[in-house]
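Hi everyone, thanks for making time for this. I'd like to walk you through one model, so please have the sequence and the 3D view open as we go.

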Amino acid sequence: MEESSLSMNDKILIAIYEIKKKRKNEDKITREDVAVMAWKLFPSDFCINGYQQYPNTDITKYITKLLKENLLKGNFNNYIITEKGLEYVKTRVDDNYKKNE
């Protein structure tokens, strides 16, 4: 799977996964943290239109879908990737994502 075949939801989940790998479990992951990491990993997908040097924080629709699919839990002040979310990233997304790094 190429990066272009990753959905926007997959990319948001990858961003949360990358944050989680770099932080201690008790550190909160906020919407802003996710938006910035998604922008760093996928700048053309998560930038403000016309201003690629700035992250777009309008990620609510992607977060909502991940919450509904039980891949993520929490709220704007603290997102937590679920066991189902971790498994999804590790088996369906992570290997394919790493091929494109």
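**A lysine on the inside**

Let me start with Lys11, which is buried, with a relative accessible area of 5%. The cut-off for calling a residue buried is under 20%, so Lys11 qualifies. Before I go on, please keep in mind that this is a predicted model.

Where does Lys11 sit? You will find Lys11 in helix α1, which runs over residues 8-22. Which side chain does Lys11 meet in a salt bridge? The partner is Asp45, and the N to O distance for the two side chains is 2.4 Å. This pair ties together distant parts of the chain, because Lys11 belongs to helix α1 while Asp45 belongs to the loop between α2 (31-41) and β1 (47-48), 34 residues apart. Asp45 has 29% relative accessibility, so that end of the pair counts as partly exposed, whereas Lys11 counts as buried.

While you have Lys11 on screen, look for Trp39 as well. The C-alpha atoms of Lys11 and Trp39 are 9.7 Å apart in space, with their positions 28 residues apart in sequence.

**The overall layout**

Let me zoom out for a moment. The protein has four helices and four strands. Going along the sequence, the order is α-α-β-β-α-β-β-α. There are 101 residues in the protein, and 39% of them are buried.

**More salt bridges**

How many salt bridges does a search of the whole structure find? The search gives five. As a general reminder, side chains of opposite charge can pair when their charged atoms come close. You have met one of the five already, and I'd like to show you two others.

One joins Lys21 and Glu18, whose side chains meet at 3.3 Å, N to O. Why are these two separated by about one helical turn? Because they are three residues apart in helix α1. Glu18 is buried, at a relative accessible area of 10%, and Lys21 is partly exposed, at 44%.

Next, Arg23 forms a salt bridge with Asp33, and their closest N and O atoms are 3.1 Å apart. Here again the pair links distant parts of the chain: Arg23 is in the loop between α1 and α2, Asp33 is in helix α2, and they are ten residues apart. Both residues count as partly exposed, Arg23 with a relative accessible area of 31% and Asp33 at 23%.

**The largest pocket**

Now for some empty space. Rolling a probe the size of a water molecule over the atoms shows where empty space is left. In this model, the largest pocket holds about 170 Å³ of space.

Which residues lie nearest the centre of that pocket? They are Asn25, Asp27, Ile29, Tyr79 and Ile80, out of 13 residues that line the pocket. By character, the lining divides into six charged, five nonpolar and two polar residues. Helix α1 and strand β4 (78-81) each supply at least two lining residues, and the largest share, four residues, comes from β4.

Staying with β4, take a look at Asn78, which is found in that strand. Asn78 is partly exposed, with a relative accessible area of 22%. In space, Asn78 and Ile29 are 4.9 Å apart, C-alpha to C-alpha, although 49 residues separate them in sequence. Ile29, you may recall, is among the residues nearest the centre of the pocket.

**A nonpolar patch on the surface**

Let's turn to the outside. Ile48, Tyr51 and Tyr54 form a nonpolar patch on the surface, and together they have about 310 Å² of accessible area. One of these, Tyr54, is placed in strand β2, residues 51-55. With 44% relative accessibility, Tyr54 counts as partly exposed.

**One backbone angle to finish**

My last stop is Asn70, in the loop between α3 (60-68) and β3 (72-75). What stands out about phi there? Phi of Asn70 is near 60°, which is a positive value in a residue other than glycine. For context, most residues other than glycine have a negative phi. Asn70 is partly exposed, with a relative accessible area of 45%.

That's the tour, and I'm happy to go back to any of these spots.

How values were computed
Residues numbered from 1 in each chain as written. Predicted model: local features only at pLDDT ≥ 70, side-chain atom pairs only at ≥ 80, totals over all residues. Heavy atoms only, no water. 1 Å grid on protein atoms, 1.4 Å probe; cavity = no way out; pocket = protein on both sides within 12 Å on 5 of 7 lines; lining within 4 Å. Points joined across faces, edges and corners; volume = space filled by probe spheres on them. Nonpolar A, V, L, I, M, F, W, Y, C, P; charged D, E, K, R; others polar. Patch = residues over 30% accessible without salt bridge, like charges linked within 9 Å, V, L, I, M, F, W, Y side chains within 5 Å. Areas by Shrake-Rupley, 256 points an atom, 1.4 Å probe, with all protein chains shown as cover. Salt bridge = Lys/Arg side-chain N within 4 Å of Asp/Glu carboxyl O. Buried < 20%, exposed > 50% of the residue type's maximum accessible area, 1.4 Å probe, protein only.
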